[in-house]
Amino acid sequence: MSDLRMDDETGTRPRMSGLLPRADTPIVPKNSIAGRALVAVIAIMTFLASLTTGAVMLIRASAAEWESDVAREITIQVRPVQGRDIEAELRRAAEIARAFPGVGEVRPYSKEESARLLEPWLGSGLTLDDLPVPRVIVVRIAPGATPDLAQLRRNLTEQVAGASLDDHRAWIDRMRAMARTSVIGGIGVLILMLAATMLSVAFATRGAMATNRAIVEVLHFIGAKNGFIAGQFQRHFLVLGLQGGLIGGGAAILLFAIAGAIGAWGSGTTGGDQLAALFGTFSIGIEGYVAVLVQIVVVAIVTALTSRRTVNRTLATVE
Amino acid sequence: METQAPPALSPSWTASRVGGAALGEAMLWQANRAANGGLETGVVRFENVGLRYGLGPEVLRDLSFHIEPNSFQFLTGPSGAGKTSLLRLMFLSLKPTRGLISMFGKDVVTLRRDALSVLRRRIGIVFQDFRLLDHMTTYENVALPFRVMGKDEDSYRGEVVELLQWVGLGERMAALPPVLSGGEKQRAAIARAVIARPQLLLADEPTGNVDPGLAQRLLRLFIELNKSGTTVVIATHDIGLMDQYDARRLVLHEGRLHVYD
């Protein structure tokens with residue numbers, strides 16, 4: 001109990017000099033050392049838990065974005081067939097794709113573009129006429145559309161020699177599995193982090209409460225009802241929990257906001273685009289901010305309820 | 001070293017008490033006694049009470065005694081005889097392992113927690129170690145019982161100030177306990193114990209930490225409170241103090257009680 005702000009010389013409360021005495025000191029001292037330590041513990045744990053929450057949401061959002069990017073694109077491959085003009089087959093395949101319902105954009109890769117795709121393996125200056133290299137058409141699906149890809153595949157194989165359709169299903173499945181694993185792992189870490197936060201907060205609250213045992217006993221002996229005593233401590237510790245939670249959660253929100261702003265500022269640069277490709281926009285979105293706010297409230301409630309439980313336990317030992 | 005002037009035993013606080021609430025309480029007690037068919041035989045009634053801590057031996061054995069309203073008694077005995085345990089039983093912070101304890105006509109074993117809290121408000125206790133809250137002023141410490149009852153400060157401020165003046169702490173109302181002398185703390189603790197006009201006042205070694213002069217003044221304070229209608233039990237092993245006032249003695253020895261009226 002260090003809430004002893006007083007005149008050093010007289011050991012009195014200056015506000016009472018010459019005035020009517022007033023009983024306005026909180027029954028539970030506000031600025032105790034244990035209270036400040038508890039706020040610090042809550043702030044640190046809430047900050048770490050909020051970072052974990054944000055990271056999980058970031059992974060989930062990025063994984064969903066990768067997946068939808070890949071799923072929005074399909075590739076038509078036209079292999080050279082003896083005695084057939086590959087350019088004509090390519091045009092024919094592109095026409096079929098364009099005419100198919102639900103298809104947005106169809107872009108056949110030119111000879112030069114196809115050569116550039118093979119440059120890393122075959123070197124520059126490549127002439128595709130010399131090699132039986134397949135040609136590709138990138139097809140973007142119209143937003144919101146769900147074209148019947150099986151039908152498109154049938155149309156292509158029936159009408160275009162050497163044509164096949166790759167809807168990236170294998171990639172999407174693999175991507176989905178990877179994203180799901182990442183998110184489940186992240187949620188596991190988050191659960192551990194939240195459990196560690198709650199336990200730390202509960203133990204720190206019990207520690208802070210130990211210094212207040214004398215107050216609990218005195219209140220009990222002068223006839224205060226258990227509900228009154230528990231209420232006093234619960235209110236006090238709810239405020240401490242909210243203070244710590246707001247500091248920690250607020251710092252995490254600020255960090256995410258700054259990271260988001262830096263990400264937006266760096267977009268267009270090579271590094272920024274690389275980061276954006278990996279982590280999306282670095283923004284945790286409204287959902288992320290709401291999750292951090294919920295964490296702050298939960299931490300404060302845990303603090304308050306722990307203090308209530310400790311008071312009740314103390315009262316049980318006093319009686 | 002006690003620097004404060006001796007408690008000015010102004011008659012005003014006691015007079016207002018005798019003329020007001022104390023008489024009302026006495027009448028209420030009489031009415032209660034009649035309602036119980038005359039079964040209520042005192043403020044405190046112990047019948048064959050035994051107490052043990054855990055699986056240990058009985059520290060109190062077969063205690064049977066009554067404490068009448070408006071009476072004054074010393075509770076004495078050698079150290080370790082069980083004085084504090086007996087006070088705790090009377091103060092409802094312990095339950096007996098056997099026997100019957102009736103406080104103000106109510107069997108304490110059967111009462112619920114909140115009912116015990118309400119009953120506890122009829123009892124004032126002065127702890128040997130004072131138990132003042134260090135972050136609150138003397139005034140706030142003394143006013144605490146009213147605060148926990150949820151009373152409006154305007155309704156009790158005058159009463160608290162008057163009592164503090166009565167016990168000689170009128171100039172120390174704004175002082176915090178860490179800067180009070182032992183005697184001042186003792187008087188503040190007594191003031192807190194009696195401010196809500198308890199019917200029973202229990203004091204555990206109230207003169208244990210003070211010099212003989214102050215011990216005498218504190219005894220006079222208890223006698224005044226008793227005259228104003230409060231039943232007083234003082235636990236002490238100070239023979240000198242007991243010799244100063246002719247009162248009933250409850251002597252504890254090896255866990256058994258001997259009453260000397």
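I'll start with helix H2 of chain A, residues 86-99. H2(A) has 14 residues, and from its first C-alpha to its last it reaches 20 Å, close to the 20 Å expected at 1.5 Å a residue. Keep in mind throughout that this is a predicted model.

Now, which residues of H2(A) are buried? They are Ile86(A), Glu89(A), Leu90(A), Ala93(A), Ile96(A) and Ala97(A). Around the axis they cover an arc of only 125°, so they sit on the same side of H2(A). On the other side of the helix, Ala88(A) and Ala99(A) are exposed.

What covers the buried residues of H2(A)? The cover includes four strands of chain A, namely S1 (73-78), S2 (103-108), S3 (135-141) and S4 (163-166), and also helix H4 (149-159).

Next, the chain as a whole. Chain A has 9 helices and 4 strands. Reading along the sequence, the pattern is α-β-α-β-α-β-α-β-α-α-α-α-α. In other words, helices and strands alternate up to the last strand, and from there on the pattern is helical. Of the 319 residues in chain A, 31% are buried. As for contacts, take those in chain A between residues at least 6 apart in sequence: 84% of them join residues at least 24 apart.

One example residue from the helical part is Gly227(A), which lies in helix H7 of chain A. Is Gly227(A) buried, exposed or partly exposed? Gly227(A) has 15 other C-beta atoms within 10 Å. Buried would take 20 or more, and exposed would take 12 or fewer, so with 15 Gly227(A) counts as partly exposed. Its C-alpha atom and that of Val311(A) are separated by 9.7 Å, while the two residues are 84 residues apart along the chain.

That leaves the second chain. How many residues of chain A are in contact with chain B? On the chain A side there are 28 residues, in contact with 29 residues of chain B. The elements giving two or more residues to that side of chain A are helix H6 (213-221) and helix H7 (226-266). H6(A) supplies the largest share, 5 residues. Sorted by class, the side of chain A that touches chain B has 17 nonpolar, 6 polar and 5 charged residues.

To recap, H2(A) has its buried residues on the same side, and helices H6 and H7 of chain A each give two or more residues to the side that touches chain B. That is the end of my part.

How values were computed. Residues are numbered from 1 along each chain as its sequence is written. Chains are lettered from A and ligands numbered from 1 in the order in which they are written. This is a predicted model: local features need pLDDT of at least 70, side-chain atom pairs count only at pLDDT 80 or more; totals for chains, interfaces and linings use all residues. Two residues are in contact if their C-beta atoms, placed from the backbone, lie within 7 Å. Ala, Val, Leu, Ile, Met, Phe, Trp, Tyr, Cys and Pro count as nonpolar, Asp, Glu, Lys and Arg as charged, and the others, Gly among them, as polar. The expected span of a helix is 1.5 Å times one less than its number of residues. The arc is that of the directions from the helix axis to the C-beta atoms.
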